[in-house]
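Trainee: I've got this model open on my screen and I'd like a close look at one part of it, the strands and the empty spaces around them. Could you walk me through that slowly?

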Amino acid sequence: MSHTASLSFEVFPPKKEEEFKNIFDFLREAAKLHPDFISCTYGAGGSRAGKTIEIASFIQKELGIDAIAHLTCVGFTKAELEKNCEALKAAGVNHVLALRGDRPQHMTDEQFNNREFFYATDLVRHLKAHTSLQISGACYPEKHFEAPNLEEDLTHLKEKVDAGVTSLVTQMFFDNACFYRFIELVRAKGIPVPIYAGIMPITTAKQLGTTVSLSGSSVPKELADLIATYGENKEDMRKAGIDYAVRQILDLREHGVDGIHIYSMNKLKTTTEICGLIS
């Protein structure tokens, strides 16, 4: 069994101001689980950019844990990006996850089609040329939903890594066999960087509808059956969802995965329970 797999969490800036202070309590407790890094997402359409920097800065400076601030380029001009990178630097954050990001709702077709950065790779090249930031990227074990096929997706992934990405975090997946196939293809493509497996604990039936449909991840029969069986009972569903995530993680570790990246959804109890069961 591989003991070297890293452990990391993803958090997001809460939308409501009163919930915002709770994220710092979550982070203080999560720090006790000794993650190797904590990433913070970029608010939808860039609306919470300042919050992302504030949270990442707290992780880096107050907790002394490597912070990775998500950076999406879809709504950014080069000038705005520069301002954002300066703010990151001033906040002591030197590691970003470069993403294309979802199109902001207020963006017109014209703005979207004339944007300065079309793909994450464009953003990576720009960051590499103009900043000293360390750059991570995202990858999709079941291919990006817009890619015509996996082969083309892998070609773009290699371009992104060649442009300067030093590690990759996967989109959530629920079938480890998919992940292992993907890793084989990635390595065969000559992509050598560490790949952290993104694990999303499904603790409510509703989550599967919202989160998963957005991610384009497929739902294996075992998980679908689990939701059919326990979905109506809140506590049983929570336990079954945690158990499923734990089994996924233990199997990944046995297969020597580079790291486990838990999509924590800012839920301390779930995150702590999972870490207790995999340690």
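Mentor: Here is a tour that goes from one strand to its partners, then on to the cavities and a couple of odd backbone spots. Keep in mind that this is a predicted model.

Let's start with strand β8, which covers residues 259-263. Five of its five residues are buried, so the strand is largely enclosed by the rest of the structure. If you look along β8, Gly259, His261 and Tyr263 point one way, while Ile260 and Ile262 point the other way. Both sets are buried.

Who sits beside β8? One partner is strand β1, residues 6-11, which runs parallel to β8 and is joined to it by five bridges. To find your place in that pairing, click on serine 8: its bridge partner in β8 is histidine 261. The other partner to look at is strand β7, residues 195-199, and here the pairing is again parallel, over four bridges. In this case alanine 197 is the residue to click, as it stands opposite isoleucine 260 in β8.

Now follow Tyr263, because that residue leads us from the strand to a hole: the lining of the largest cavity includes Tyr263, and the strand definition of β8 ends at residue 263. Ser264, Met265, Lys267 and Thr270 also line this cavity, and so do Pro201, Thr203 and Gln207. The space inside comes to about 50 Å³. By class, the lining splits into three nonpolar, four polar and one charged residue.

How many cavities of 30 Å³ or more does a search of the whole structure find? The count is two. The second largest has a volume of about 40 Å³. Pro201 turns up again here, in a lining that also holds Phe174, Met200, Ile202, Leu223, Gly241, Tyr244, Ala245 and Gln248. Sorted by class, that lining has seven nonpolar residues, two polar ones and no charged ones. Helix α10, residues 234-254, gives the most to it, with four residues.

While you're on helix α10, take a look at valine 246, which belongs to that helix. Is valine 246 buried or exposed? With a relative accessible area of 7%, valine 246 is buried, because the cut-off for buried is under 20%. Leaving aside residues up to four places away in sequence, valine 246 touches Ile274, Leu277 and Ile278. To tie this back to where we started, compare its position with tyrosine 263: the two are 17 residues apart along the chain, and their C-alpha atoms are separated by 13 Å.

Next, swing over to strand β3, residues 66-72. This strand is mostly covered, with six of its seven residues buried. Strand β2, residues 37-40, runs parallel to β3 and is joined to it by four bridges. Within that pairing, cysteine 40 has alanine 69 of β3 as its bridge partner. β3 also pairs with strand β4, residues 95-99, in the parallel sense and over four bridges. There you can put leucine 71 opposite alanine 98 in β4. To get from β3 to β4, the chain passes through helix α3, residues 78-90, and this β-α-β crossover is right-handed.

Leucine 99 is a good residue to stop at in β4. Its relative accessible area is 18%, and it counts as buried because the limit is under 20%. What does leucine 99 touch, not counting residues up to four places away in sequence? The contacts are His70, Leu71, Thr72 and Cys73, together with Ala120, Leu123 and Ala138. If you'd like a distance to check on screen, try the C-alpha atoms of leucine 99 and threonine 121: they are separated by 8.4 Å, with the two positions 22 residues apart along the chain count.

Last stop, the backbone. Most residues other than glycine have a negative phi. Histidine 34 has a positive one, near 55°. You'll find histidine 34 in the loop between α1 (17-31) and β2, and at 63% relative accessibility it counts as exposed. Lysine 143 isn't a glycine either, yet its phi is positive, at about 70°. Lysine 143 sits in the loop between β5 (134-139) and α6 (150-162). Its relative accessible area is 26%, which makes lysine 143 partly exposed.

Methods. Residues are numbered from 1 along each chain as its sequence is written. This is a predicted model: local features need pLDDT of at least 70, side-chain atom pairs count only at pLDDT 80 or more; totals for chains, interfaces and linings use all residues. Side-chain values use heavy atoms; hydrogens and water are left out. On a 1 Å grid over the protein atoms alone, a cavity is a set of points where a 1.4 Å probe fits but cannot get out, and a pocket is an open set with protein on both sides within 12 Å along at least five of seven lines; lining residues have an atom within 4 Å of a point. Grid points are joined across faces, edges and corners, and a volume is the space filled by probe spheres set on the points. Ala, Val, Leu, Ile, Met, Phe, Trp, Tyr, Cys and Pro count as nonpolar, Asp, Glu, Lys and Arg as charged, and the others, Gly among them, as polar. Helices (H or I, at least four residues) and strands (E, at least two) are DSSP runs, numbered from the N terminus. Buried means under 20% relative accessible area, exposed over 50%, partly exposed in between (1.4 Å probe, protein chains only). Two strands pair if DSSP finds at least two bridges between them. A crossover is right-handed if, with the strands pointing away from the viewer, the path from the first strand over the helix to the second runs clockwise. Contact means heavy atoms within 4.5 Å.
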